[in-house]
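Please look through the sequence and the coordinates before reading on. The text below takes up charged pairs, a buried acid, aromatic rings, paired strands and a polar side chain in turn.

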Amino acid sequence: MHLEKTNRKYSSSKKNILVLFVTVLCGLFLTACGDPKLKVNYSIDGKKTEELPSQGLYEIKSVKCNNKKANATWDCNSWSLKTEPLSRDTTVDLDFTYTSHPFTVNGMGFDDLQSAFNALPEGTHADVHLTQNATGSGTTPVGSDVTLYLNGFTLDGTGSDTIVNCGTMEIVGEGVITNTTGSGDNSKTLVNYGTLSASNVIFDNATSSFSVWNSNNGQSSMNLTGCTITRTESDIIAFVNSGAATLSGCTITGGGDLTHPTLLQNDGKASLDVTSSTITNTGSGYSIHRESGTVNVDGSSSAPNSYGY
């Protein structure tokens with residue numbers, strides 16, 4: 001009887017030692033291995049690249065994962081990889097291709113500018129990319145908040161006001177916004193009814209409309225930095241400011257007669273501040289004609305043959 005109890009105690013001790021050993025061994029194994037690791041490889045049309053391609057210019061082509069339980073998917077809106085909690089080390093191969101669409105909104109492709117503007121999310125900021133030289137025009141929704149990246153390409157309105165801003169917009173060059181066909185008041189290059197800033201953009205126009213109009217709705221604010229506007233016609237005004245406008249490091253050139261200055265300010269509540277910019281008229285007209293409002297041109301700027309301030 002005493003021997004049986006002793007054997008049971010011995011057997012129990014062996015089990016406890018075994019459990020302890022296994023526990024320690026598992027702990028050492030987990031400590032050595034750590035959490036499962038995720039490795040992501042990027043490629044563009046099958047050619048390996050070190051960095052994730054730009055959301056605005058590329059689309060996902062394929063997602064390959066060596067772990068079927070990981071459920072790897074690509075989220076175009078956040079431009080990021082989504083995986084379920086990993087149970088083991090996992091490798092995901094992502095292959096991208098340059099987008100075939102001329103416009104993208106947060107990584108989603110569109111074939112025309114108005115469709116891209118219509119897709120702008122309400123209440124949040126969005127990025128629109130021009131991915132190739134394109135034609136077409138668009139009006140942003142009231143209250144929208146968008147940054148338009150030209151990426152060095154040209155956007156041609158071809159007869160309609162190329163861009164009409166009704167919200168908050170930032171335009172980032174290097175690139176060209178133009179209008180090559182059309183006539184009358186509806187073939188301008190840029191119309192602003194909201195808050196707009198643009199940097200390093202060339203605004204061009206070959207129609208009978210002026211290139212840029214900052215409206216007189218009482219809410220139009222425009223800030224141009226490093227931008228260029230050039231017109232050579234004797235009967236064209238390049239820039240009409242009817243709101244609040246600030247020009248910094250800009251070059252604006254016109255070729256108009258006495259009734260067609262390069263820049264016209266024509267509203268009593270309008271204001272124009274010019275810093276480190278050059279505004280000239282190669283014709284017989286004025287460089288700046290202030291009909292009303294306030295105009296301030298700093299000493300680092302040049303605006304010869306101006307009138308009204």
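**Charged pairs and their surroundings**

Asp45 and Lys61 form a salt bridge through their side chains, with an N to O distance of 3.5 Å. Asp45 sits in the loop between β1 (38–44) and β2 (47–49), while Lys61 belongs to strand β3 (residues 58–65), so this contact ties together parts that are 16 residues apart in sequence. Asp45 is partly exposed, its relative accessible area being 43%. The model is a predicted one, and every distance quoted here is computed from it.

In total, the structure holds three salt bridges. Another of them joins the side chains of Lys188 and Asp161, at 3.7 Å from N to O. Lys188 lies in the loop between β15 (168–178) and β16 (190–192), and Asp161 in the loop between β13 (154–156) and β14 (163–165), so the pair links parts that are 27 residues apart in sequence. Lys188 is buried at a relative accessible area of 7%. Asp161 also counts as buried, with 16% relative accessibility, because the cut-off for buried is under 20%.

The side chains of Arg231 and Glu233 make a salt bridge as well, at 2.9 Å from N to O. Here Arg231 is buried, with a relative accessible area of 1%, whereas Glu233 is partly exposed at 23%.

Lys61 comes up again beside Asp95, a residue of strand β6 (residues 90–98). Which side chain of opposite charge is nearest to the buried Asp95? It is Lys61, 4.3 Å away, and Asp95 has no salt bridge. The reason is the cut-off: a salt bridge needs the nitrogen within 4 Å of a carboxyl oxygen. The side chain of Asp95 does reach the backbone nitrogen of Gly46, at 2.9 Å. Leaving out residues up to four places away in sequence, Asp95 touches Ser43, Ile44, Asp45, Gly46, Ile60, Lys61 and Ser62. Both partners of the salt bridge between Asp45 and Lys61 are therefore among the contacts of Asp95, given that contact means heavy atoms within 4.5 Å.

**Aromatic rings**

The count of aromatic pairs comes to six. In one of these, Trp74 and Trp79 have ring centres 5.4 Å apart and planes at 80 degrees, so the arrangement is edge-to-face. Trp74 is buried at 13% relative accessibility, and Trp79 is buried with a relative accessible area of 8%. Together with Phe96, these two residues form one aromatic cluster. Phe96 falls within the range of strand β6 (residues 90–98) that also holds Asp95.

**Parallel strands**

Strand β20 (residues 228–230) pairs with strand β23 (residues 251–254) in the parallel sense, over three bridges. Strand β23 in turn runs parallel to strand β26 (residues 278–281), and four bridges join them. Ile252 in β23 stands opposite Ile229, and Ile252 also stands opposite Ile279 in β26.

**A buried threonine**

Thr140 lies in the loop between β11 (138–139) and β12 (145–149). Is this residue buried or exposed? Thr140 is buried, with a relative accessible area of 2%. Its side chain makes a polar contact with the side chain of Asn165 at 3.3 Å, and the side chain of Thr140 also reaches the backbone nitrogen of Cys166 at 2.8 Å. Asn165 and Cys166 are among the residues that Thr140 touches beyond four places in sequence, a list that also includes Phe117, Val146, Val164, Gly167 and Met169.

Notes. Residues numbered from 1 in each chain as written. Predicted model: local features only at pLDDT ≥ 70, side-chain atom pairs only at ≥ 80, totals over all residues. Heavy atoms only, no water. Helix = DSSP H or I, 4+ residues; strand = E, 2+ residues; numbered from the N terminus. Buried < 20%, exposed > 50% of the residue type's maximum accessible area, 1.4 Å probe, protein only. Polar contact = N/O pair within 3.5 Å; in protein donor to acceptor, adjacent residues only side chain to side chain. Lys, Arg positive; Asp, Glu negative; His and termini not counted. Phe/Tyr/Trp six-rings, centres within 6.5 Å; stacked < 30°, edge-to-face > 60°. Pairing = 2+ DSSP bridges.
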